[in-house]
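Here is a short report on one chain and its partner. Look at the structure before reading on.

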Amino acid sequence: MEIWQIVGVALLVTIIAVVLRKIQPEIAVQLSILAGIAIFLLVLGKIKVIVDLLQNLADQANISSYYLIIVLKIVGISYLAEFGAQICRDAGEGALALKVELAAKIGVLILAIPIIVAILESLVRLLP
Amino acid sequence: MDLNMIFRIAGIGIFVGFLVTLLNEAGKKEIAQFVTVAGIILVLFSILQAMSQLFALVKSVFQLY
């Protein structure tokens with residue numbers, strides 16, 4: 001899907017949502033959720049290409065795919081959390097958005113523990 | 001799940017808003033509120049399907065299990 005098509009869809013949905021927000025604010029929020037999902041589905045094919053490229057590069061550089069999968073998981077968690085938090089904030093629930101972000105940060109931290117441990121271990125090995 | 005769905009939801013929203021305004025003008029406030037809730041639930045069904053699709057896709061692309 002090309003960029004001008006995505007921009008066109010986004011502008012069209014924005015205009016409809018501005019009209020809807022005056023007469024039916026609840027359905028306007030649902031419309032923006034649906035538009036976000038549709039745009040993500042449109043760019044999904046390109047994300048797959050990038051992920052495949054990363055995997056190829058990691059194989060060539062002899063990096064363990066274990067670490068690459070951790071990085072991918074972190075990107076997925078932060079994307080999903082950002083998606084949810086932005087929609088909460090759009091609907092006026094800033095507090096709920098902050099909690100979603102906190103949960104995502106904790107999830108990312110837990111996923112990053114193996115990498116932190118590996119770095120610390122190599123540091124300890126380097127130090128006399 | 002494609003772009004048609006977005007415009008269908010927008011149509012439902014505008015129609016429900018129109019209906020609620022009409023009912024409010026006619027002095028039937030309870031029925032107007034009921035129509036609002038019914039519209040939200042109707043849209044929620046398609047939203048839920050799309051969201052489960054999105055989560056499954058994100059899980060498979062970013063290998064989140």
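## Chain B meets chain A

How many residues of chain B are in contact with chain A? The count is 30, and they touch 32 residues of chain A. Keep in mind that this is a predicted model.

The area buried between the two chains is about 2,900 Å². Carbon and sulfur atoms give 86% of that area. On the side of chain B, Leu54(B), Phe62(B) and Gln63(B) lose the most area to chain A. Together they account for 22% of what that side buries.

## Polar links across the interface

What does the salt-bridge rule find between chain B and chain A? It finds 0 salt bridges across this interface. Residue pairs in polar contact also number 0, counting pairs with both residues at pLDDT 80 or more.

Which helices of chain B help to form the touching side? Both α1 (3-25) and α2 (29-61) supply at least two residues each. The largest share comes from α2(B), with 14 residues.

## The build of chain B

Chain B has 2 helices and 0 strands. Its radius of gyration is 16 Å, while the globule rule gives 11 Å for 65 residues. The value is well over the rule, so chain B is more spread out than a compact globule. Along its principal axes, the C-alpha trace spans about 55 × 20 × 10 Å.

## Surface and burial

Of the 65 residues in chain B, 34% are buried. The chain exposes about 4,100 Å². Carbon and sulfur atoms supply 70% of that exposed area.

Terms used: Residues are numbered from 1 along each chain as its sequence is written. Chains are lettered from A and ligands numbered from 1 in the order in which they are written. This is a predicted model: local features need pLDDT of at least 70, side-chain atom pairs count only at pLDDT 80 or more; totals for chains, interfaces and linings use all residues. Side-chain values use heavy atoms; hydrogens and water are left out. Helices (H or I, at least four residues) and strands (E, at least two) are DSSP runs, numbered from the N terminus. The radius of gyration is taken over C-alpha atoms; the globule rule is 2.2 Å times the number of residues to the power 0.38. Buried means under 20% relative accessible area, exposed over 50%, partly exposed in between (1.4 Å probe, protein chains only). Accessible areas come from the Shrake-Rupley method with a 1.4 Å probe; for residues, only the protein chains shown count as cover. Contact means heavy atoms within 4.5 Å. Buried area is the accessible area (1.4 Å probe) that two parts lose on being put together, summed over both. A salt bridge is a side-chain nitrogen of Lys or Arg within 4 Å of a carboxyl oxygen of Asp or Glu. A polar contact is a pair of N or O atoms within 3.5 Å; within protein, one must be able to donate a hydrogen and the other to accept it, and residues adjacent in sequence count only if both atoms are side-chain atoms.
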